[in-house]
Amino acid sequence: MNDEPNSELDPAERRALEAWGRDWTPPAALRDRTVAVARERGLIGGTKMKKPIALIASWAAAAAILAFVVGLGVGRRPGAAARPKEPSLVTTPATQTQFALMLFESSDYQAPAAGSGMTDRVSDYSRWARGIAESGRRITGEKLADDGRWCRMDAGQLVTQAPVQDPIRGALVGYFVLDAASLDEALEIARTCPHLKYGGSAEVRAIEGT
């Protein structure tokens, strides 16, 4: 007496497989692969499995494949009711671009008074940057030191000299990098920068690729 479990599909499972081509057509490669796996594992074709545990595992795998394929068919049948989408809990932020806010000082710039004037000036800039950060935008910035070199190549040789002052804008003295949704928004942020109220100027440029 052979007590090995029968690996043949039952009638309901056969009908599910046979119904593939009626109401919908699965991808040929997917159907062929599913049938091939079923044959290899003794689920169709009359092949008997040697090990009951392996047979149970094969049945579980085939059931998962069948449920997946039948699910695709139900979703693609004409007139099938679409499953309502659950509301998303993730809010997609508006597209942000990084902008460089470059600060210049010309002869029009009002330097801080000696003593506590510099401390107050730094605090003013810091409060401005902190307010932008608290609004949800990233912002970083640094003051540039006077010491530096302008570099260029001349006949294959590196030539350096003191930083060159722009005849209109003056010297580049610092920068901020901040997020904004557009150039207009970045300009509106720049308008509030303390550097402008002290007679300095700023150039706003989008950072390419951000």
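In β4, Val159 is the bridge partner of Arg152. That detail belongs to a predicted model. This briefing starts with the hairpin around that bridge, then turns to the aromatic pairs and the nonpolar core. Trp128 appears in both of the later topics: Trp128 pairs with Phe176, and Trp128 is among the core residues that touch the most other members.

**The β3–β4 hairpin**

- Strand β3 covers residues 150–154, and strand β4 covers residues 157–161.
- The two strands pair in the antiparallel sense, over five bridges.
- Two residues lie between the strands of this hairpin.
- In the hairpin, Ala155 takes a positive phi near 55°.

**Aromatic pairs**

- The structure holds two aromatic pairs.
- One pair joins Tyr125 and Tyr198, with ring centres 6.5 Å apart.
- Their planes meet at 20°, so this pair is stacked; the cut-off for stacking is under 30 degrees.
- Tyr125 lies in helix α5 (residues 116–134). Tyr198 lies in the loop between α7 (194–197) and β6 (201–206).
- The pair thus links distant parts of the chain, 73 residues apart.
- Tyr125 is buried, at 14% relative accessible area. Tyr198 also counts as buried, at 16%.
- Trp128 and Phe176 form a pair with ring centres 5.0 Å apart.
- Their planes stand at 70°, so the pair is edge-to-face; that class needs over 60 degrees.
- This pair also links distant parts of the chain: Trp128 is in helix α5, and Phe176 is in strand β5 (residues 171–180). The two are 48 residues apart.
- Both Trp128 and Phe176 are buried.

**A charge over a ring**

- Tyr198 has a further partner in Arg121.
- The charged end of Arg121 sits over the Tyr198 ring, 3.5 Å from its centre.

**The largest nonpolar core**

- In soluble globular proteins, nonpolar side chains tend to be buried together.
- Here, the largest nonpolar core has 20 residues.
- Leu101, Leu103, Trp128, Ile139, Phe176 and Leu178 touch the most other members.
- At least two core residues come from each of β1 (97–105), α5, β5 and α6 (183–191).
- Strand β5 gives the largest share, five residues.

**Contacts of Trp128**

- Which residues does Trp128 touch, not counting those up to four places away in sequence? They are Leu101, Ile139, Phe176, Ile189, Thr192, Cys193 and Pro194.
- One of these contacts, Phe176, is also the edge-to-face partner of Trp128.

Conventions
Residues numbered from 1 in each chain as written. Predicted model: local features only at pLDDT ≥ 70, side-chain atom pairs only at ≥ 80, totals over all residues. Heavy atoms only, no water. Phe/Tyr/Trp six-rings, centres within 6.5 Å; stacked < 30°, edge-to-face > 60°. Helix = DSSP H or I, 4+ residues; strand = E, 2+ residues; numbered from the N terminus. Buried < 20%, exposed > 50% of the residue type's maximum accessible area, 1.4 Å probe, protein only. Lys NZ or Arg CZ within 6 Å of the ring centre and 35° of its normal. Core = buried A, V, L, I, M, F, W, Y, C linked by side-chain atoms within 4.5 Å. Contact = heavy atoms within 4.5 Å. Pairing = 2+ DSSP bridges.
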